[in-house]
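Me: Could you walk me through this one? I'd like to start with the overall picture and then look at one helix.

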Amino acid sequence: MRLTLRTMLAYLDNVLEPNESEDLGRKIRESKFAGDLMEQIRTVGSKVRMDAPKLDGKGMGNDANTVAEYLDSALPQDRVGDFERVCLESNKHLAEVAGCHQILALVLGKPADVPEALRDRVYALGHAAHEAEVKPVAAPKQKNVPAVKATSNGHPVVVTRREAEVPDYLRAGRTPGVWQLLGVAALVFLISALVLRLMGPFNTDHPVLKLFNGNAVVADANTSPSVTPAPDDGSSSAAPETTPSKSTNAAAEASSQDTTSAASPTDKTAATNDQVDPASKSPLPPAVSAIPEPPATETPEPTPKPLPAAPEAPKPPEPIPPPAAMDVGRYISDEQVLAHQQKGDGNWLRMPPRAVLSAGERLVALPAFRPQIALASGASGVQVTFAGESSVHLGEPNEKGASQMTVDYGRMLIVTVGAAGAQVELDLGGIRGVATLVDADSAVAISVKRFLPPGTDPDSMPPIPVVEIFNTYGRVTWDEADKPRVEIPTNQVRIYAGGDPPDNYGPFAAPDWIDVKSIVPTDREGQTVLERLLAADKPLNLSLAEALEHRQFNVRSLAARCLATLDEYEPLLNELSDPRQYSYWNGEFHTLRQCMQRGPESASSLKATIDRLRPDQANELYRLLWGYSEDQLAKDEAANLVKQLESEHMDVRVLAIQNLMTITGAMEFYRAEKKPEDSRAAIQAWRSRLAKMNITYKTAPAAIEPYKPVDKPPAAASGVPGTKGAVGPLAPDEIR
């Protein structure tokens, strides 16, 4: 049996099997941590003034439903570790879980013992109340069970148990309500109207109306007219003369001028060609029922002459749509995240897999993600893999068919797609040129960033662009605008920094960020979870903001850093005041530093956010993000940093210790999430360092990260002139 908090609680409450209890007890005795935890559980359970979580608390540990799921073994396995961590760090949560487990063990282990007399008394009270309040329902005679006598407080009570009766509401059928009848009537009316409409338009020509009109006329013709035989003049037989009655004339007058449905049957009866037998001299009977009804003829209605149409007003010319953006490539990653922003649109969206890339789009790769795109480049093409936060703009191919890409900042690896001679035109922070991958397996790594020397006010000077073009394999040439072509040998880097002339340096080992293993494990795990939370059908900013409430702290931190990459700094600044995020403050501090160094716009936006969130401490917090130079530390800034460790504001303490860790590489066991009075020993250690003037840079800050030299240059680099040996990183004072 595993040694977990839940099994230890079961061991304390004696609910395990004997063999399991013995095995777990042996493990507890062998583990010092488990023994201390057992003693802590007993201690917190016996405290009288122990605080308790709020009844309406939310989040891991505070939600009563989470505690219930944990005790019932229904909590998902991926949340159990976080919940037990909360219990181990908080005595009140540990006491709550231990107490609830003990109560459940007592209740479920020993059922309640109810005396038989009390049970009979309760049953008797229930029957008495039922007989007093409910009138018996008339029903067929039922056979009663013999009465059972029970005693309650010495008084006999007769309890009669009757067979179950069928209630009235089950005997009588349900009668439909008024609304149900109205609904049925409305449904029948709608269906009838639909059928009638399908038979024809609702006018005088409708078949149903014609049927009703025809029946009325036939009835009048069969009862009203009188027939007078013609005189016998010895000639051939003549048609009988029919005289219509008053009712027929009234029906004819009531009809419209263009309708012959009422008058036509009478007129056609007078004009019929049927002959009367001349030998018969007797008149016809008054009711002529043998006269067949001739088919009715319809007289077409006169069509009114249409009026001349008024001249139409001239329509305004339709605006000419802008030409569609040119397709320049395709996004080829499935489980990565790439943000894109179309030209003229301020919304950030997640690029769907295998989406087409258009000229004019801005693409941003988020921290810990490595998305890939494929760009068409003449007869061949290139594949670009972004490594972490990066921002690029795609352009239309040049006159030679080479793809164009403007890199604002970031890191990327460019390789061919199997064809030699692939080209891509690049604008690397203002340095324009064409990179040619000469071989079919050539690869080049590019890094573009802005650098501000520590302690520099972003408003006083613009950041210095730093560009590194590292040839990782094969032959690579670089054609800078208005400059002769240069070849960058394998494992060498061409560096642009400030006003210094560019040159090749090396050979070096490939930079670590090229390998996906360089991503720290917490970020690697967090980006896997975060990728599933980001939908492609809604703004990326909204999805990342929702991820800030995720139960995993590494996912929250990564979401805040992603929002900072999209120029939303409020979530990341709020992280510095959350004691649960102490494990991720170092990465968040460096993300804020990088955002401030991107340029004046990013620095101004960050400062405006700090002014809005923390108006009282805005200047102090913004100053802590600048960093500190050696001269500033030698004066009084080192003393200020040590003093800020005692600040009552957590975010001030976080930025102060992060600066001291960046400068000295030491922490002195200081915990910024604790109150200053709980960190007196650590603060005293920093004061001792200050007195010894030992708060100085362990590694001087540099614009260029150090490269690891290689002992033997690769074969592709031999015989190439103009290469220099391994050099160290450029210090701030070396950049002109």
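Reply: A word on terms before the totals: a residue is called buried when its relative accessible area is under 20%. This is a predicted model, and by that cut-off buried residues make up 38% of the 736 residues in the protein.

Me: How many helices and strands are there?
Reply: The protein has 22 helices alongside 21 strands. Taking the contacts between residues at least 6 apart in sequence, 58% join residues at least 24 apart.

Me: And what supplies the exposed surface?
Reply: The protein exposes about 43,800 Å², of which carbon and sulfur atoms supply 56%.

Me: Now α19, is it mostly covered or exposed?
Reply: Helix α19, which spans residues 618-626, is mostly covered, with seven of its nine residues buried. Those buried residues are Ala618, Leu621, Tyr622, Arg623, Leu624, Leu625 and Trp626.

Me: What do they pack against?
Reply: The buried residues of α19 pack against α17 (585-596) and α18 (600-613), and also against α20 (630-644) and α21 (650-664).

Me: What comes just after α19?
Reply: Gly627 follows, and Gly627 takes a positive phi of about 85 degrees.

Me: Different topic: how many disulfides?
Reply: The count comes to zero disulfides, where a pair of cysteine sulfur atoms would have to lie within 2.5 Å to qualify.

Me: Why does Cys562 count as buried?
Reply: Cys562 counts as buried because its relative accessibility is 0%, and the limit for buried is under 20%.

Me: And why is Cys100 partly exposed?
Reply: Cys100 counts as partly exposed because its relative accessibility is 30%, which lies between the 20% and 50% limits.

Definitions and conventions
Residues numbered from 1 in each chain as written. Predicted model: local features only at pLDDT ≥ 70, side-chain atom pairs only at ≥ 80, totals over all residues. Heavy atoms only, no water. Buried < 20%, exposed > 50% of the residue type's maximum accessible area, 1.4 Å probe, protein only. Helix = DSSP H or I, 4+ residues; strand = E, 2+ residues; numbered from the N terminus. Contact = heavy atoms within 4.5 Å. Areas by Shrake-Rupley, 256 points an atom, 1.4 Å probe, with all protein chains shown as cover.
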